Amino acid sequence: MGLQEEIKRRRTFAIVSHPDAGKTTLTEKLLLFGGAIHVAGAVKSNKIKKTATSDWMEIEKQRGISVATSVMGFEYNGRKINILDTPGHQDFAEDTFRTLTAVDSVIIVIDVAKGVEAQTRKLMEVCRMRKTPVIVFVNKLDRIGKDAFELLDEIEEELQIKVRPLSWPINMGPSFKGVYNLYGRDLRLFAPSKQIVTEMHEISDLSDERLNKMLGDADAEKLREEAELVEGVYPELDLDEYRAGNVAPVFFGSALNNFGVKELLDCFIDIAPMPGISKADEREVQPDEEKFTGFIFKIHANMDPNHRNRIAFVKVCSGMFQRNTNYTHVRLGKNLKFSSPTAFMAQKKSIVEEAWPGDIVGLPDSGNFKIGDTLTEGEDLHYKGLPSFSPEMFKYIENADPMKSKQLAKGIDQLMDEGVAQLFINQFNNRKIIGTVGQLQFEVIQYRLLHEYNAQCRYDAINLFKACWIRSKNKAALEDFKKRKAQYMAKDKHGRDVFLADSQYMLQMAQDNFKDIEFFFTSEF
Ligand code: G4P
């Protein structure tokens, strides 16, 4: 198969959700369909339970598992599907956001009873920013939840995306009878079971009398009415609009009962985009360009103390990646060759000879890579990563063992390269500030510094509301601002100016009073 065919048959995506909506369960069912696993329960939930405040073993376990399930590749109907796993715990949201830079589309799982939740909203913001096409799977129809029409309105409003249902539920909870597949035009009858097979009846016309026999007169009539309403209210799915990220097809089902999942998968492989254009600072790169290019979107430390190597995950953007071939590490300007790149098929890791656009390859790394690094066949190219978001929690980090300051510096440096958190240096007192999106990261950093770098850190409280990047075309104004706000100025790890606001009010005042200064809440501008 040539490059074109390999690209066409690839679907690389992530399943995301607010914790507990059913992401892990859905992932597992998709793998079952793909024949990648054979028993339910094979995919472990990679959640760190909220109750385990400082359960290190749990974190260790989670890290171990998430390497194994970082990428789950499988073949289905001639397609090569790559599911990229994202951490379940919301304190690791940055990890999830970065993973979204490597996918061509996303499936969002929503709990029918809970509707759109906080994390769903945040994840959708990232999808919107990148114009990533999304499909929504409304889960847990075997339970009582929100009315389907109301839920669709909520999704449109809260996620700011148009929706188009492609399946329609017949009741829910104890009286859930199944879904009518508006895409494939057939009826799927629900039987609570974890088996793969659901009873399917091709019913292309809803006026078909068989519907009454199967559903009973009242439910058959209700389905006809609702389907008519759906067709009336929601315009037909426009594939271009979906692929542009403007409209989200919606499916209903119950992942736990393996219901509604096959329709989702079958439709997904039909409509989800194949690997597309990747944007670099210099130019746009087509996937079918002959030469290999790719970027690192995730780095995973190996927690086994005997094997300190990290794994850097590269997404192939163009051309064919080959084992034992020299590639240019653009940032370092040096050539690297990989003798044991790994690919991920289902839950097995194996050495690969080649990989194609859309594929993810794991590269053993002894510290060469940072998140966002680009690999090419020599071209000076820099892929645009996902911006860092301005963190929400801050602490000064201090050395707690004066004999180990070198180890501490190295540890902090490498953990930041991995994208565990963000580091700012306060320009006023030169102290290091760690910014994160969740409390757990502080604990992870402290633990890993000790166990991996033999360094001890201590945190000091700092009262900060937000860190934002600043810029101005007016040099004098910028200098003036920096002078006046000297106490609140910091540099990020790339040496860029960051303003540390200690309250919303202070930030608002700064924005109002310094009109020449632009304030940014993500690092890419
Ligand atoms: P997550 O990865 O999004 O966090 O969610 P996960 O799949 O772990 O599912 C969260 C809980 O919801 C699990 O129950 C799971 O069994 C349940 N669940 C998933 N899909 C459905 C569904 O279609 N219907 C119903 N009724 N429940 C569903 P748990 O009790 O938290 O975990 P477990 O002990 O069952 O593993």
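In this predicted model, the lining of the second largest pocket draws on two domains, with at least three residues coming from each of domain 1 (3–72 + 104–271) and domain 2 (278–376). The space in this second largest pocket amounts to about 750 Å³. Its lining comprises 27 residues, of which Arg130, Thr132, Ile277, Ser278 and Lys279 are the closest to the centre of the pocket. Helix H5 (118–130), strand E12 (278–279) and strand E15 (310–318) are the elements that each contribute two or more residues to this lining. In chemical character, the lining residues of the second largest pocket comprise twelve that are nonpolar, nine that are charged and six that are polar.

Aromatic contacts were examined next. A pair of aromatic rings is described by the distance of the centres and the angle of the planes. Across the whole structure, 19 aromatic pairs are found. One of the pairs is formed by phenylalanine 292 and tyrosine 327, whose ring centres are 4.5 Å apart and whose planes meet at 55°, an arrangement classed as tilted. This pair joins distant parts of the chain, since the two residues are 35 residues apart, with phenylalanine 292 placed in the loop between strand E13 (284–285) and strand E14 (293–301) and tyrosine 327 placed in strand E17 (residues 326–329). Because its relative accessible area is 0%, phenylalanine 292 is classed as buried, and tyrosine 327, with a relative accessible area of 1%, is likewise buried. Both residues belong to one aromatic cluster, which is formed by Phe292, Phe321, Tyr327, Phe338 and Phe369.

Aromatic rings also take part in contacts with lysine side chains. Lysine 395 is positioned over the face of phenylalanine 442, at a distance of 4.6 Å from the ring centre. In a further case, the charged end of lysine 466 is found over the ring of phenylalanine 465, with 6.0 Å separating this charged end from the centre of the ring.

Two residues other than glycine were identified with positive phi values. Arginine 185 is not a glycine, yet its phi is positive, at about 50°; this arginine belongs to the loop between strand E8 (178–181) and strand E9 (186–189). With a relative accessible area of 29%, arginine 185 is partly exposed. Asparagine 258, which is also not a glycine, has a positive phi of about 55° and is located in the loop between strand E11 (247–252) and helix H10 (261–271). The relative accessibility of asparagine 258 is 2%, and this residue therefore counts as buried, the limit being under 20%.

Finally, two pairs of residues separated along the chain were considered by their C-alpha distances. Leucine 32, a residue of helix H2 (residues 23–33), is 42 residues away from phenylalanine 74 in sequence, while the distance in space between the two, C-alpha to C-alpha, is 9.9 Å. Leucine 32 counts as buried because its relative accessibility is 11%. Methionine 416 lies in helix H11 (residues 405–417), and 8.6 Å separates its C-alpha atom from that of lysine 493, although the two residues are 77 residues apart along the chain. Methionine 416 is also buried, its relative accessible area being 3%.

Note on methods: Residues are numbered from 1 along each chain as its sequence is written. This is a predicted model: local features need pLDDT of at least 70, side-chain atom pairs count only at pLDDT 80 or more; totals for chains, interfaces and linings use all residues. Side-chain values use heavy atoms; hydrogens and water are left out. On a 1 Å grid over the protein atoms alone, a cavity is a set of points where a 1.4 Å probe fits but cannot get out, and a pocket is an open set with protein on both sides within 12 Å along at least five of seven lines; lining residues have an atom within 4 Å of a point. Grid points are joined across faces, edges and corners, and a volume is the space filled by probe spheres set on the points. Helices (H or I, at least four residues) and strands (E, at least two) are DSSP runs, numbered from the N terminus. Ala, Val, Leu, Ile, Met, Phe, Trp, Tyr, Cys and Pro count as nonpolar, Asp, Glu, Lys and Arg as charged, and the others, Gly among them, as polar. Domain bounds come from an automatic or database domain assignment. Rings of Phe, Tyr and Trp (its six-membered ring) pair if their centres lie within 6.5 Å; planes under 30 degrees apart count as stacked, over 60 as edge-to-face and the rest as tilted. Buried means under 20% relative accessible area, exposed over 50%, partly exposed in between (1.4 Å probe, protein chains only). A charge sits over a ring if NZ of Lys or CZ of Arg is within 6 Å of the ring centre and within 35 degrees of the ring normal.
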